[in-house]
Amino acid sequence: MVQIALCEDKPEELAHMRQLLAQYAVDRPQARLRLEPYESAERLLAALNQGTGNQVFLLAIFMPGTDGVPLARQLRGAGNSGVIIFLAGTREYAYGAFGVHALDYVLKPVQTGRLYEALDKALDYLDSRKSALYTLVQMAEADRMVALDDIIAVEVQGH
(Lines give C-alpha, C1' and ligand atoms only; values in the text may rest on other atoms or scores of the structure.)
Protein backbone atom coordinates (compact mmCIF):
# COMPACT_ATOMS: atom_id res chain seq x y z
CA MET A 1 0.00 0.00 0.00
CA VAL A 2 1.28 3.44 -0.95
CA GLN A 3 0.42 6.19 1.51
CA ILE A 4 -0.05 9.65 0.02
CA ALA A 5 -0.10 12.84 2.07
CA LEU A 6 -1.94 15.69 0.36
CA CYS A 7 -1.22 19.06 1.95
CA GLU A 8 -3.47 21.79 0.54
CA ASP A 9 -5.00 24.68 2.48
CA LYS A 10 -7.73 25.70 0.01
CA PRO A 11 -10.87 23.59 0.56
CA GLU A 12 -11.98 23.67 -3.10
CA GLU A 13 -8.53 22.57 -4.33
CA LEU A 14 -8.32 19.91 -1.63
CA ALA A 15 -11.71 18.54 -2.75
CA HIS A 16 -10.62 18.63 -6.41
CA MET A 17 -7.38 16.77 -5.63
CA ARG A 18 -9.21 14.17 -3.52
CA GLN A 19 -11.55 13.57 -6.46
CA LEU A 20 -8.64 13.19 -8.91
CA LEU A 21 -6.79 10.85 -6.55
CA ALA A 22 -9.91 8.73 -6.02
CA GLN A 23 -10.24 8.37 -9.80
CA TYR A 24 -6.53 7.52 -10.07
CA ALA A 25 -7.03 4.75 -7.51
CA VAL A 26 -9.91 3.35 -9.60
CA ASP A 27 -7.90 3.58 -12.83
CA ARG A 28 -4.78 2.05 -11.24
CA PRO A 29 -6.09 -0.53 -8.73
CA GLN A 30 -2.70 -2.25 -8.57
CA ALA A 31 -1.27 0.90 -6.96
CA ARG A 32 -3.26 0.34 -3.74
CA LEU A 33 -3.30 3.93 -2.52
CA ARG A 34 -4.23 5.39 0.83
CA LEU A 35 -4.77 9.13 0.97
CA GLU A 36 -4.25 11.29 4.03
CA PRO A 37 -5.41 14.92 3.45
CA TYR A 38 -4.00 17.79 5.53
CA GLU A 39 -5.10 21.44 5.53
CA SER A 40 -1.74 22.78 6.75
CA ALA A 41 1.94 21.98 6.98
CA GLU A 42 1.66 21.97 10.77
CA ARG A 43 -0.99 19.23 10.72
CA LEU A 44 1.11 17.13 8.35
CA LEU A 45 4.19 17.53 10.55
CA ALA A 46 2.19 16.61 13.66
CA ALA A 47 0.94 13.43 11.93
CA LEU A 48 4.49 12.53 10.89
CA ASN A 49 5.67 12.99 14.48
CA GLN A 50 3.05 10.42 15.48
CA GLY A 51 4.50 7.87 13.08
CA THR A 52 2.47 8.30 9.88
CA GLY A 53 4.47 6.54 7.17
CA ASN A 54 3.69 8.55 4.05
CA GLN A 55 5.68 7.66 0.95
CA VAL A 56 4.38 10.33 -1.45
CA PHE A 57 3.83 13.97 -0.54
CA LEU A 58 1.65 16.26 -2.68
CA LEU A 59 2.46 19.70 -1.30
CA ALA A 60 0.95 23.06 -2.20
CA ILE A 61 3.65 25.68 -2.66
CA PHE A 62 1.67 28.50 -0.99
CA MET A 63 -0.02 27.90 2.36
CA PRO A 64 -0.59 30.03 5.46
CA GLY A 65 2.13 29.47 8.04
CA THR A 66 4.67 27.13 6.51
CA ASP A 67 4.81 27.03 2.70
CA GLY A 68 5.48 23.87 0.70
CA VAL A 69 9.21 24.34 0.08
CA PRO A 70 10.10 25.04 3.75
CA LEU A 71 7.88 22.06 4.67
CA ALA A 72 9.84 19.89 2.25
CA ARG A 73 13.10 21.14 3.79
CA GLN A 74 11.81 20.09 7.20
CA LEU A 75 10.87 16.65 5.84
CA ARG A 76 14.31 16.17 4.31
CA GLY A 77 16.02 17.55 7.42
CA ALA A 78 14.21 14.92 9.50
CA GLY A 79 15.52 12.19 7.20
CA ASN A 80 12.30 11.61 5.27
CA SER A 81 13.11 10.26 1.80
CA GLY A 82 9.52 10.21 0.53
CA VAL A 83 8.62 11.33 -2.98
CA ILE A 84 7.68 15.02 -3.12
CA ILE A 85 5.43 16.47 -5.82
CA PHE A 86 4.68 20.18 -5.60
CA LEU A 87 1.37 21.76 -6.62
CA ALA A 88 1.60 25.41 -7.64
CA GLY A 89 -0.27 28.10 -9.53
CA THR A 90 2.90 29.42 -11.18
CA ARG A 91 6.21 28.11 -12.54
CA GLU A 92 8.05 30.81 -10.62
CA TYR A 93 9.06 28.58 -7.69
CA ALA A 94 10.04 25.43 -9.59
CA TYR A 95 13.77 26.03 -9.19
CA GLY A 96 13.54 26.18 -5.39
CA ALA A 97 11.33 23.11 -5.35
CA PHE A 98 13.97 20.93 -6.92
CA GLY A 99 16.48 22.08 -4.32
CA VAL A 100 14.71 19.70 -1.92
CA HIS A 101 14.84 16.81 -4.41
CA ALA A 102 11.24 17.04 -5.54
CA LEU A 103 10.27 14.49 -8.17
CA ASP A 104 7.80 16.76 -9.97
CA TYR A 105 6.13 20.17 -10.07
CA VAL A 106 2.48 20.24 -11.21
CA LEU A 107 0.73 23.46 -12.14
CA LYS A 108 -2.74 24.34 -10.83
CA PRO A 109 -5.46 23.93 -11.75
CA VAL A 110 -4.29 20.32 -11.73
CA GLN A 111 -5.27 18.44 -14.85
CA THR A 112 -6.05 14.71 -14.70
CA GLY A 113 -3.43 13.66 -17.24
CA ARG A 114 -0.69 15.72 -15.64
CA LEU A 115 -1.43 14.35 -12.17
CA TYR A 116 -1.49 10.78 -13.50
CA GLU A 117 1.89 11.36 -15.15
CA ALA A 118 3.39 12.63 -11.88
CA LEU A 119 1.91 9.80 -9.80
CA ASP A 120 2.98 7.14 -12.30
CA LYS A 121 6.51 8.53 -12.10
CA ALA A 122 6.35 8.50 -8.29
CA LEU A 123 5.14 4.89 -8.15
CA ASP A 124 7.79 3.79 -10.66
CA TYR A 125 10.41 5.49 -8.52
CA LEU A 126 9.16 3.75 -5.38
CA ASP A 127 9.18 0.39 -7.17
CA SER A 128 12.73 0.88 -8.42
CA ARG A 129 13.82 1.86 -4.92
CA LYS A 130 12.17 -1.25 -3.49
CA SER A 131 14.00 -3.54 -5.90
CA ALA A 132 17.32 -1.91 -5.05
CA LEU A 133 16.93 -2.78 -1.36
CA TYR A 134 17.85 -6.43 -1.73
CA THR A 135 21.20 -8.16 -1.85
CA LEU A 136 22.27 -11.59 -3.01
CA VAL A 137 23.65 -13.71 -0.18
CA GLN A 138 25.63 -16.80 -1.12
CA MET A 139 24.83 -19.64 1.26
CA ALA A 140 26.00 -23.25 1.37
CA GLU A 141 22.58 -24.67 0.41
CA ALA A 142 21.57 -22.01 -2.15
CA ASP A 143 21.89 -18.34 -2.98
CA ARG A 144 19.14 -16.11 -1.56
CA MET A 145 17.91 -12.58 -2.10
CA VAL A 146 17.70 -10.91 1.30
CA ALA A 147 16.01 -7.60 2.04
CA LEU A 148 18.52 -5.14 3.48
CA ASP A 149 15.99 -4.22 6.17
CA ASP A 150 16.07 -7.85 7.35
CA ILE A 151 19.82 -7.85 7.98
CA ILE A 152 20.70 -7.19 11.58
CA ALA A 153 24.40 -8.08 11.49
CA VAL A 154 26.95 -9.56 9.11
CA GLU A 155 29.74 -11.90 10.10
CA VAL A 156 32.43 -13.16 7.75
CA GLN A 157 34.12 -16.48 8.32
CA GLY A 158 37.06 -17.68 6.30
CA HIS A 159 37.40 -15.19 3.47
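Reader: In which segment is isoleucine 151 found?
Author: This is a predicted model. Isoleucine 151 does not stand alone, as Leu148, Ile151, Val154 and Val156 make a nonpolar surface patch. Its place in the chain is the segment after strand 7 (144-147).

Reader: Is isoleucine 151 buried, partly exposed or exposed?
Author: Its relative accessible area is 31%. Buried means under 20%, and exposed means over 50%. The value lies in between, so isoleucine 151 is partly exposed.

Reader: What is the area of the nonpolar surface patch made by Leu148, Ile151, Val154 and Val156?
Author: Isoleucine 151 sits in the segment after strand 7. Together with Leu148, Val154 and Val156 it makes a patch of about 370 Å².

Reader: What is the strand order in the open sheet of five strands?
Author: The pairing in this sheet is parallel. Strand 2 (33-38) and strand 5 (104-107) are the edge strands, and each pairs on one side only. Strand 1 pairs with strand 2 and also with strand 3. Strand 3 in turn pairs with strand 4, and the full order is 2-1-3-4-5.

Reader: By how many degrees are neighbouring strands of this sheet turned against each other on average?
Author: The sheet is open and has five strands. With direction ignored, the average turn between neighbours is 20°.

Reader: Which residue of strand 2 stands opposite alanine 5?
Author: Strand 1 (residues 2-7) and strand 2 are parallel and share six bridges. Along this pairing, isoleucine 4 has leucine 35 as its bridge partner. Alanine 5 stands opposite glutamate 36.

Reader: Which residue of strand 3 stands opposite alanine 5?
Author: Strand 1 also runs parallel to strand 3, with four bridges joining them. Across this pairing, alanine 5 faces phenylalanine 57.

Reader: How many residues of strand 1 are buried?
Author: Take the two faces in turn. Val2, Ile4 and Leu6 are buried on one side. Gln3, Ala5 and Cys7 are buried on the other. Strand 1 is therefore largely enclosed by the rest of the structure, and its buried count is six of six.

Reader: Which residues of strand 3 point the opposite way from Val56, Leu58 and Ala60?
Author: Five of the five residues of strand 3 are buried, so the strand is largely enclosed by the rest of the structure. Val56, Leu58 and Ala60 point one way. Pointing the other way are Phe57 and Leu59.

Reader: Which residue of strand 4 stands opposite valine 56?
Author: Strand 3 and strand 4 are parallel partners, with five bridges between them. Opposite valine 56 stands valine 83.

Reader: Which element gives the most residues to the largest nonpolar core?
Author: In soluble globular proteins, nonpolar side chains tend to be buried together. Here the largest core has 25 residues, and Leu44, Phe57, Leu59, Leu71, Leu75, Ile84 and Phe86 touch the most other members. Elements giving two or more residues include strand 1, strand 3 (56-60), helix 3 (68-77) and strand 4 (83-88). The top contributor, with five residues, is helix 2.

Reader: Which residue meets glutamate 39 in a salt bridge?
Author: The structure holds eight salt bridges. In this one, glutamate 39 is partly exposed at 36% relative accessibility. Its partner is exposed, with a relative accessible area of 51%. The N to O distance is 2.7 Å, and the partner is arginine 43.

Reader: How far apart are the closest N and O atoms of aspartate 104 and arginine 114?
Author: Side chains of opposite charge can pair when their charged atoms come close. Aspartate 104 is buried at 5% relative accessibility, whereas arginine 114 is partly exposed at 25%. Their salt bridge has its closest N and O atoms apart by 2.5 Å.

Reader: How many residues apart in sequence are lysine 121 and aspartate 104?
Author: Their side chains meet in a salt bridge at 3.1 Å, N to O. Lysine 121 lies in helix 5 and aspartate 104 in strand 5, so the bridge ties together parts whose separation is 17 residues.

Reader: Which residues are linked with Asp104 in a network of salt bridges?
Author: Aspartate 104 forms a salt bridge with arginine 114 and another with lysine 121. Lysine 121 is partly exposed, at 34%. Linked with Asp104 in the network are Arg114, Glu117 and Lys121.

Technical notes. Residues are numbered from 1 along each chain as its sequence is written. This is a predicted model: local features need pLDDT of at least 70, side-chain atom pairs count only at pLDDT 80 or more; totals for chains, interfaces and linings use all residues. Side-chain values use heavy atoms; hydrogens and water are left out. Two strands pair if DSSP finds at least two bridges between them. Axes are lines fitted to C-alpha atoms, for helices over the stretch in contact, and angles run from 0 to 180 degrees between N-to-C directions. Patches are made of residues with over 30% relative accessible area and no salt bridge: like charges are joined within 9 Å, nonpolar side chains (Val, Leu, Ile, Met, Phe, Trp, Tyr) within 5 Å. Accessible areas come from the Shrake-Rupley method with a 1.4 Å probe; for residues, only the protein chains shown count as cover. A salt bridge is a side-chain nitrogen of Lys or Arg within 4 Å of a carboxyl oxygen of Asp or Glu. Buried means under 20% relative accessible area, exposed over 50%, partly exposed in between (1.4 Å probe, protein chains only). A nonpolar core is a set of buried Ala, Val, Leu, Ile, Met, Phe, Trp, Tyr and Cys residues joined through side-chain atoms within 4.5 Å.
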